[in-house]
Amino acid sequence: MLMGIDSKDHPFCEDLKEIETCVDKASNLTRQLLNYARGGKYEVKQTNINELVRTTAGIFERTRREIALNIHPEQDIWMVLAHTGQIEQVLLNLFVNVDLARPSKS
């Protein structure tokens, strides 16, 4: 559907990109689960941690619209060897735990 849209200004363009990102993340999670179930090795690759934090925070913010995260990444950091799916899971767990620890507004 995204390829059938003529312009980036189309009202559904951002939603379709978000769906595409979520499908990629679900595919990655499925691959992780299969690797774990088979006792396989994890795929590590050079990763920009700033970009990983930024995209994972974006996913979290879309699910918790009442929360705004302030991300202040360090500039010019080194790439790291990491399993991106595991780092994403750690970050999401941290975001959820911080959200659960917030005092309620009742």
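**Val-90, the cysteines and an aromatic pair**

Val-90 is partly exposed, its relative accessible area being 47%. That value comes from a predicted model, as do the others described here. The residue sits in helix α3, which spans residues 84–101. A look across the fold from this position leads to Thr-56: the two residues are separated by 34 positions in sequence, while their C-alpha atoms lie 10.0 Å apart in space.

Helix α3 also contributes to an aromatic contact, with Phe-95 as its member of the pair. The structure holds 1 such pair. Its partners are Phe-60 and Phe-95, whose ring centres are 5.5 Å apart and whose planes meet at 45°, a tilted arrangement. Because Phe-60 belongs to helix α2 (residues 49–63) and Phe-95 to helix α3, the pair ties together parts that lie 35 residues apart in sequence. Both rings come from residues classed as buried: Phe-60 has a relative accessible area of 3%, and Phe-95 reaches 15%. The assignment of Phe-95 follows because buried means under 20% relative accessible area.

The cysteines offer a further view of the model. Cys-13 is buried, at 4% relative accessibility, whereas Cys-22 is partly exposed, at 39%. Cys-22 falls in this class because its 39% lies between the 20% limit for buried and the 50% limit for exposed. With a disulfide taken as a pair of cysteine sulfur atoms within 2.5 Å, the count comes to 0 disulfides.

Methods: Residues are numbered from 1 along each chain as its sequence is written. This is a predicted model: local features need pLDDT of at least 70, side-chain atom pairs count only at pLDDT 80 or more; totals for chains, interfaces and linings use all residues. Side-chain values use heavy atoms; hydrogens and water are left out. Helices (H or I, at least four residues) and strands (E, at least two) are DSSP runs, numbered from the N terminus. Buried means under 20% relative accessible area, exposed over 50%, partly exposed in between (1.4 Å probe, protein chains only). Rings of Phe, Tyr and Trp (its six-membered ring) pair if their centres lie within 6.5 Å; planes under 30 degrees apart count as stacked, over 60 as edge-to-face and the rest as tilted.
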